[in-house]
Structure formats: C-alpha cells, structure tokens
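I opened the coordinates to look up strands, helices, cores and a few backbone oddities. My notes follow in the order I made them.

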Amino acid sequence: MTSIIKLTAVSGVQEESALCYLLQVDEFRFLLDCGWDEGFSMEIIDAMKRYVHQVDAVLLSHPDPLHLGALPYAVGKLGLNCTIFATIPVYKMGQMFMYDLFQSRNNSEDFSLFTLDDVDSAFDKIQQLKYSQIVNLKGKGHGLSITPLPAGHMIGGTIWKIVKDGEEEIVYAVDFNHKREIHLNGCTLESVSRPSLLITDSFNASYVQPRRKQRDEQLLTNVMETLRGDGNVLIAADTAGRVLELAQLLDQIWRTKDAGLGVYSLALLNNVSYNVVEFSKSQVEWMSDKLMRCFEDKRNNPFQFRHLSLCHSLADLARVPSPKVVLCSQPDLESGFSRELFIQWCRDAKNSVILTYRTTPGTLARYLIDNPGERMLDLEVRKRVKLEGKELEEFLEKEKVKKEAAKKLEQAKEVDVDSSDESDMEDDLDQPAVVKTKHHDLMMKGEGNRKGSFFKQAKKSYPMFPTHEERIKWDEPEDFLVPELQATEEEKSKLEAGLSNGDEPMDQDLSVVPTKCTSSVENIEIRARVTYIDYEGRSDGDSIKKIINQMKPRQLVIVHGPPEASLDLAESCRAFSKDIKVYTPKLQETVDATSETHIYQVRLKDSLVSSLQFCKAKDTELAWINGVLDMRVAKVDTGVLLEAAAKNEDEAADTTTAGEDGAQDPAMDVAVAGEAAGDGEGEESAVGMTSVAQRAMKSLFMEDEREPSDESDVIPTLEPLPSHESVFINEPRLSDFKQVLLREGIQAEFVGGVLVCNNMVAVRRTEAGRIGLEGCLCDDYFKIRELLYQQYAVV
C-alpha cells in the first residue's frame, strides 16, 4: 500500500549549514542527522524544538559535528528520547569528535551548551549497526526496515536505505564519495536502483575538483619547500574523520626514502589523539580493501604509525623538534589547537598553513579560503589563565565558604543518624531479657501485635540466629579537617609561585587550578603561506549527476548546498529525465513526496474499530468500511500537513463507496487505509486518546484552536454507514484451486481450459475474469463451492 512520505527541512537547505531533516513515513518520524554548525547557532536548536518530541528514531550518517553535533544538546536539554541508529565507527569516532570539540572550546572559554556527561548520555542511546544489516522496526514503525550502506567520506559513513513494506524505498545519501581512497572504499550506490525517493546534497554540485594525484603533489611540494626553508607546517584537519586519510598519506610519504622527509618531525595534535589512533587500529575491517590486505598478509596494522607523534597539548608539541608538520584540530580555526598555532605561526613567513576543509561561511578558515590575498586580520584571542592576586584570594574565600556550608550540612545529617542509632541502642539495652528468651527460626514472622511480612520486617526481627549486637559509641575526631586545610595552604603557595611539582607552567593542568577566561582583539599580520588543498573526500559535481542518473529515482529532494548549486543540480536531473520530480525545499518547508495522489488520513472511533470483522487474505487481514468523513473535529497536532483534496468539506462528506467491485474512488481509498490500519486494533484507540490529550495540552497552554497553522492538521473522523453487499477479494488461480481440490480428495483435471471436478462440476473463468461454477446440485457441487469461497477474503 502507498505510504504518506513527507520531508521537513529543519536545517541545512539552500545553505552550507549543519544537516538536520525530519522524514515522516506514515505515522513514523525519522530525524535524519542532528548536526550543529561551528558557531553553535541557536536558530537550529529553536527549529529542532518544534519537532524533537515527535521523533521516533534518529539516523546518523557521519561522525562529525555537522552531522551529529547537536545530539548532546538535544538529549540533555531538549528531551530527545528515542533510539539512535549509527554504525560502530560513527558511534566511536563521533564521541571523539564531541570530546575534542568540548575540550577545544572549554580550554579557551566558559563553554556551557553541553557537558561531557551530556555527550555520554546521548551516545548511550545509540544502537550500533554494521553495513548491510537490516533492522526491522517494531511498534509504531511496524513494516519499516532500515539498512546502512557504505558512503565513503569518513570511516563508518552511511547511506541509509529505508524500506516500507517492501515497496516504498527511500535513500538518504549525503556527503558520499564514490572514489576509492587510501583508508576507505567508495560508496555502493550502484546496488540501489529506482528508489521512490532519493534525498541527497548539492554541496559539490557545481564544484570542479582537481585530480587526487595533482592534490597529493601540491601537498608534498608545499610541505617539502616549507620544511627545507626551516619553517613549520600547520595542517588544519578534523578530529577523527578525514584526518585518518591525511595521517596515512603523510606517514607513507615519510616512509619513502626518496622523499627525504624522515629527518623532519610529524605530529598529530588534538585532545584525543591517542584514542583516535587506538580506535582506528581496532576498526580496520571498516576500511579499504588495500589496508585489509596489508593487515591480513603482513599482520601489520596500518595505523601503527612509524613517524607520527601523538600530542595532547602544546607542551607535548613543544617537545617535538622543529621544523615539523602538525595535523591539528579544529578545521575551522575557530577554536582548539589549530587556532592557537595559527595565531603563533602565521606571523612568520617561513611557515605554511594548509586548509583541507571548506567549513561553513563565517568561520576563519572559510574566510581565508574565500579571500586568499588577505594579509591583515582582527582576531579575537581567547585564553584561559590562572587566577592571581586578589582574584585568587576571593576565589579561595568563596571555596572555603562553600566547604564550610557543605561541612555543616554533613554534620547535621550525621547528628540525625547518631540520634537514631542511640535510640535504637537504648531500646535494645532496655530489653535484654526479651532478646534472650525468644527463639527464632531462619525466617521469622511478625510477633505480637506488630504487622510484618517476609520482605518488610521490623527493626528487632532476626532473620538468622538470635544475637545481641553491642554498638560502640564514639566521638568524631575534632581535627579531621586539618590535613585538608594544610593541603589548601600548600596549593595556595604553589599557585602564587606559578609552579606545580617543579614543572613548567605550560605543563600545568588548568582543569585542577582556579582559572578565568580572557578575550582580546588583536590585529594580526599574516606572513605565512596559506593554501587550500581539497581533502574533503566528497564526490565531484559531474560524478554526482551521473550517479543520480544511473539510480533513476522517481522523486529527488536536494538539500545542503548553496542555492546556485542546488538549482544547477535540479536542472541537470530534470534534463536527464522528464519523469523525475525534483524538490529544492527552503528552510522549515515540508515536501510532500507521497507518490499516490488519492490517499487520506482519517481517525477511526473505538466503537467502529471494535465492530469491524477482519478476513485473512494471504499475509494481511482485511475489513470493509462504508462511511462518510466528518470534518467537524478539533485540531489534532500530528505534524502532517493538510492534504489538498481533504480540504473540501462538502465533497468529503458526500463521498461514499460505490459498488461491490471496489471502484477506486476517494472513499475506497479511505476504506483501504482503514484496512491497513486494522492489523492492530489497539492503534486506533491510541490515536483517539492522543488527540484528546493533545487538545487538553493546547487548552492548557491557551492556544487558540480556531487559528489554523502549518503544523496542525484537521484529521476527519470516519462515520460508518449501513452494511453493504459481500465483496470477494483475492481472486485465486485455477491451477492453485486444482491443488486445493486434490488435497481434499476431489479428482480435478483441466479440459480445454475448464477445471472438471469428479466429472460432475465444471469451474471456468468467464470473459469478465470472474470464476463461474456449473454442475448438478449435488454434495460435490456444494463442497466445491465451499472450498472456492474459502480461497477468497469475503468482506
């Protein structure tokens, strides 16, 4: 049966911002990605708030913040509570991305949008999948299945295939790469053909990509010239995605003796560099065939780097001898080690800065890419510094007050506990004879007038052998806080000296000492060479158009890309085929991709559902409903936009079914919708209860029900009409009916296309396609007729 399919653009259409889309398939709603841009725009969060409580499942395609950055905020602050599906590498590397992003921000500013606990709680909801693993959804999503397919671009990158009842096939493919790389195979879109709906991006639709060999040569030339000129190279990369490709490439170059780069240093700098490399070692099976063969044949892990030093701080990097090449996060130069090193190194003409990723417009990296000749910049320099002088004294005083308040609260609790213990001990001492005279079994029942049970017993019951517990009373030591105070004094003296354990100030962990964040704007002259070399790992524009033409989707929704690129891709796809429907939605716009035009959504009353008589036909159950649509109902917030044909109240009210042959008119479609919904009789009552609850919530928040809005839909109620004549559904084939007769012991054979049974009854198909029965009125006739009726679903 045809499904209602709608896509709402929450974020990431007609722009290069984060990706987030709400896909509705009948009553089930998927959130496709949950990204957040580099500037943490609250507009994306505000848009997400409207839909977050409708979401039934989240599908994540890639592990970077543009695809899952808002997940911790949505779970921790917005109350997103549903299953999240992702591949194993997206789960592991996604955590690394978010840990590094939080730490990069927190190292230079007071970052409070989400915490590491929010990251952990969000990722705890993820159900990890493998490629090509089919997951059949249950409950509300009965009949839906999802399958992750390889997308390239990043490790674990996913193209999601969503199938409804084996008919409707929806493919969500964004940021895919069909080309094989060092550490990843290309995507597998060739296996998907003629989907009902394809959702893809136009980010690279009008972008002409240089050949990979040319880009590798450009990178090698830039690195060699800078190192031989005694300069350092800063390569801005992400945390755990594209950085793996760059690390493999550079480590291979360093291993090549002809390059002569072995004498120079190569480093990977981010807050989780060790974990990223360790996770990569354990996920070789998700990578390219070349790396797999290398691992299987030589038993040599490709991520056991020989020349790459792993650094977690600028202090670690300072120990790496110069000149050096540093791969560091973040790629946007907005925060983290890449921004700090850029500010330090860009003023020296010997150094080189290589940007590998086109981040969203408005970021420092994108500004440098779009304005390559820019030499003077006003940059905000953010630092986290230790407290000194009066600020430190004030901070320590506040901490002391807090500790004293906590101490008093704890002492008050202890006094309460002691008083209750003393009263219990006095009670026990008052009645020592009672304890001795009583004899208890292992499981003691309640005694006297006291009511008790096995699970809830009084204090004086002894579940084992009778014994008298003598409690020792003691006083708390009065000087138990003195060591702590002494430690605070030592800490204070060390803070004033600016050193800790004889280490350099740079090595000191700022997370355990009082700090503050400072910000100042500096005018910086860029003398270093700044170059953009594309290592994004996305398919180029021509390849995207060819792949879409090969897939031949019936409908296409273009998302995530600048407006001119979206229009260019749409025009190209329309030129390939006139049959394809192409949509380029705007922000907050909902695209109705339902392939069937005459399909409606109605509410069924409990009384109607309970009166339906279902008949089994193959794998489904059918029931016939004759009724009219009653439009006099209150608004029901379902997130389903109003169908154009359902707006006309008069036409809908006059529409009824016509004839037993089931002519396809709007009311018949309503009947079919009712049949499909009839598989679970409890669902209709749930719909009714939900609508009542939603109306109550609307009245509670004083929403005016008379004002229609785009998010609300008037779902009509189906009012039943009197009974109808019986209808025979599921026309059997005569060859199948012959087998049924033979199993029942009736001799049957075909004579000139007519099925002759026991030489008494003839079963033939008429010119109109109906099956007719001829013969003498005997026991065989009535038995054969009964068997024939059983092959139909009679409603």
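In which sense do β20 and β21 pair, and over how many bridges? I found β20 and β21 paired in the parallel sense, over three bridges. The model is a predicted one, and I read every entry below with that in mind.

**Entry 1. The sheet that holds β20 and β21**

I looked up the bridge partner of Q555 and found K581, in β21. I then traced the sheet as a whole. It is an open sheet of seven strands in the order β7-β8-β9-β10-β11-β20-β21, and its pairing is mixed. The edges are β7, residues 135-136, and β21, residues 581-583; each of these strands pairs on one side only.

Next I asked what lies across this sheet. Helix α17, residues 563-576, lies across β11 (197-201), β20 and β21. I noted an angle of about 165 degrees between α17 and β20. Angles over 145 degrees count as roughly antiparallel, so I wrote α17 down as roughly antiparallel to β20.

**Entry 2. Helix α16 and what follows it**

Which residues of α16 are buried? I listed G541, S543, I544, K545, I547, I548 and M551. I noted that a lysine, K545, is among the buried residues. The buried residues of α16 pack against β10 (168-173), β11, β20 and α17.

I then stepped past the end of the helix. K552 follows α16 and has a positive phi, near 50 degrees. K552 is not a glycine, and its place is in the loop between α16 (541-551) and β20 (555-559). I checked its exposure as well: K552 is partly exposed, at a relative accessible area of 49%.

**Entry 3. The other seven-stranded sheet**

I looked up a further open sheet. Seven strands form it, in the order β6-β5-β4-β3-β2-β1-β22, with mixed pairing. I found β6 (126-129) and β22 (590-592) at the edges, each pairing on one side only. From one strand to the next, the twist averages 25 degrees.

I picked one pair for a closer look. Strand β4, residues 57-59, runs parallel to strand β5, residues 83-87, and three bridges join them. A57 stands opposite T83 in β5.

**Entry 4. Nonpolar cores**

How many residues does the largest nonpolar core have? I read off 44. The residues with the most contacts inside this core are L219, I235, L250, W254, V325 and L327. I checked which elements supply at least two residues each: α4 (88-106), α6 (212-228), β12 (233-236), α7 (243-255), β13 (265-269), α8 (273-281) and β15 (324-328). Of the elements that feed this core, α7 gives the most, with eight residues.

I followed L250 outward, leaving aside its neighbours within four places in sequence. L250 is in contact with L219, I235, L266, V325 and L327. Another core lies apart from the largest one; it has 40 residues, among them Y51, L71, Y91 and I126. As background, I noted that nonpolar side chains tend to be buried together in soluble globular proteins.

**Entry 5. α4 against α8**

I looked up how these two helices meet. The axes of α4 and α8 come within 10 Å and cross at roughly 170 degrees. That makes α4 roughly antiparallel to α8, because angles over 145 degrees are counted that way.

On the α4 side I found K92, M93 and M96, which meet N275, V276, F279 and S280 in α8. By class, this contact has four nonpolar, two polar and one charged residues.

**Entry 6. Backbone oddities on either side of β15**

Where are the cis peptide bonds I looked up? One joins S322 and P323, with omega about -5 degrees. P323 sits in the loop between α10 (314-318) and β15. Another cis bond joins S329 and Q330, with omega about 10 degrees. Q330 is in the loop between β15 and α11 (336-345).

The loop between β15 and α11 also holds L333. L333 has a positive phi, near 60 degrees, and is not a glycine. Is L333 buried or exposed? I found L333 buried, with a relative accessible area of 0%. I set this beside K552, another non-glycine residue with a positive phi, which is partly exposed.

Note on methods
Residues numbered from 1 in each chain as written. Predicted model: local features only at pLDDT ≥ 70, side-chain atom pairs only at ≥ 80, totals over all residues. Heavy atoms only, no water. Pairing = 2+ DSSP bridges. Helix = DSSP H or I, 4+ residues; strand = E, 2+ residues; numbered from the N terminus. Axes fitted to C-alpha atoms, helices over the stretch in contact; angles between N-to-C directions. Core = buried A, V, L, I, M, F, W, Y, C linked by side-chain atoms within 4.5 Å. Buried < 20%, exposed > 50% of the residue type's maximum accessible area, 1.4 Å probe, protein only. Contact = heavy atoms within 4.5 Å. Parallel < 35°, antiparallel > 145°, perpendicular 65-115°, else oblique. Nonpolar A, V, L, I, M, F, W, Y, C, P; charged D, E, K, R; others polar.
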